[in-house]
Amino acid sequence: MSVLRLSRRTLIASALAAPFVTRLRAFAAEPKALVLPKLDEGRLVDGVREFDLTVALGKTEFLPGLLTDTVGINAPFLGPLVKLRAGEAVRLNVTSTLGQKIALHWHGLALPPAMDGGPHQAIGQNETWSPEFTVANRAGTYWFHAHAHGKTGLHVWGGMAGAIRVEDEEEAALPLPRTYGEDDFLLILQDRTFDDKGQMPYNLTVHDKMAGLQGDTMLVNGQIAPELRVTVPRIRLRILNGANGSIYRLHFADGRSFAQIASDGGLLAAPVQMTESWLAPGERGEYILDLSDGEATLLRAELFGAEAAVMGPVGIKDVLPIVPSGGQAPAPALPAILSNIAAPVETSADRPMVLSMSGEGMMGDLLINGAQYDHERIDFLAPAGATERWIFDNKTPMLHPMHIHGGQFRILTRNGAPPAPAEAGLKDVVLVHPDEKVEVAMTYPAQGDLSAPLMYHCHILEHEDAGMMGQFVVM
Ligand code: C2O
Ligand code: CU
Ligand code: CU
């Protein structure tokens, strides 16, 4: 229990500089139970699993007595956990009531390009966009988020994001925790800054545009300082870094180790024991945490911005106390093998992606292959179904989590060396450090579509919106 007292003290101490200290103090005295996003299983209509997702403005009481203007999907802030099954036909009816053009992208899903929800699939006020596709991904944790041209950072900051849980037979056959809300918990991690009226302004300074926008207050599923109480000896945490600009180094205050079982695109080959896990914006990890010692623990995050290589960490935040109720039984052993992940497919061509800046030092435009994003320019044509070797070559002094739409990739090398075990599975975001060269094998969608370009970009949303993005057409 000492961990909990410590965490409350730290929270109060770190709030001393804030204008609403008293409110936070009252707040921190009584930790509230973690609330999970509602599980949405959709409904079956003529063999198609159908979901309704309405994007709307909301008001959210993050701080007691203060209503914050937010954006949500079937909720005031964030959205439901959408449950999909591999191989199933789905239709997602996305309605916008935001009063401005939006787009909603299915991050990490392999689908026909026109269903991707990128900036070319804009949805107008009171319009409904209904993409349909067959779920082709492995079991895992994926997500959906705003992607309107130039507005991704603003909309996601407001709350326009949610998670997707894909299930399949391979994962279902393993002895792993998977009962949502009992031994399997989704944690959407974000950081925000609240002003003295409780609002979350999105006014970017020159520094925010370079570092990515970072807040001083952690949110877990849209809650400040919640607490997770569990009654089982081991739990599965599905963690999504849903931040705009923060890279998180996740670890426990007591230094305990845990096992990562899945990355962006599902199960790893085998569990990977670790005491810290790095998640950049857009990345997901699934972890098994052993609580059989009956001791409370505290999940913490050290925050880094894009300028971390020069500036170092921004700070360490308490994220979530995890409190097992007494009388813990021993935790069952994890399977030694999780999945037979085949070797990456031979690549048929090279796709150099040079990341650079136009100016000197930390100023100037962020460029991919010497260019900023142009909504009217297609950067290259990709052969349908082919696997190509993308070579991210970071010549900037910043960290860039690079993301490719249209499916999953495999990391081949990082500065010439093979990827660490936790990065050796399927990925859709890869963090590229300054002076690093990272090669990935990217498999394009099997179905071409000249009318629906796919994006690739830095997932620091302020970098993306500032033009660190390109687009390709599958043919
Ligand atoms: Cu998660 Cu184009 O993004
Ligand atoms: Cu994406
Ligand atoms: Cu970047």
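Asparagine 126 sits in the loop between E8 and strand E9 (128-129) of this predicted model. Its phi is near 60°, a positive value in a residue other than glycine. That is worth a glance, since most residues other than glycine have a negative phi. Asparagine 126 is also exposed, with a relative accessible area of 57%.

A second asparagine belongs in this part of the story. Asparagine 369 is found in the loop between strand E25 (366-368) and strand E26 (380-382), and its phi, near 50°, is positive too. At 39% relative accessibility, asparagine 369 counts as partly exposed, because that class covers values between the 20% and 50% cut-offs.

Strand E8, which leads into the loop of asparagine 126, belongs to an open sheet of five strands with mixed pairing, in the order E2-E6-E12-E11-E8. The edges are taken by strand E2 (39-40) and strand E8 (104-107), each pairing on one side only. Elsewhere in this sheet, strand E11 (residues 140-146) and strand E12 (residues 161-167) run antiparallel and are joined by six bridges. As for individual partners, glycine 140 is bridged to valine 166 in E12.

Then there is the metal. The copper ion (ligand 3) has three protein donors, His400 (ND1), Cys458 (SG) and His463 (ND1), at 2.0 to 2.1 Å. Along the chain these donor residues follow the spacing H-x57-C-x4-H. Histidine 400 comes from strand E28 (residues 400-404) and cysteine 458 from strand E33 (residues 454-458), so the pair ties together parts that are 58 residues apart in sequence. Both histidine 400 and cysteine 458 are buried.

How values were computed. Residues are numbered from 1 along each chain as its sequence is written. Chains are lettered from A and ligands numbered from 1 in the order in which they are written. This is a predicted model: local features need pLDDT of at least 70, side-chain atom pairs count only at pLDDT 80 or more; totals for chains, interfaces and linings use all residues. Side-chain values use heavy atoms; hydrogens and water are left out. Donors are N, O and S atoms within 2.8 Å of the metal (3.2 Å for Na, K and Ca); water is not among the atoms, so sites may look incomplete. Helices (H or I, at least four residues) and strands (E, at least two) are DSSP runs, numbered from the N terminus. Buried means under 20% relative accessible area, exposed over 50%, partly exposed in between (1.4 Å probe, protein chains only). Two strands pair if DSSP finds at least two bridges between them.
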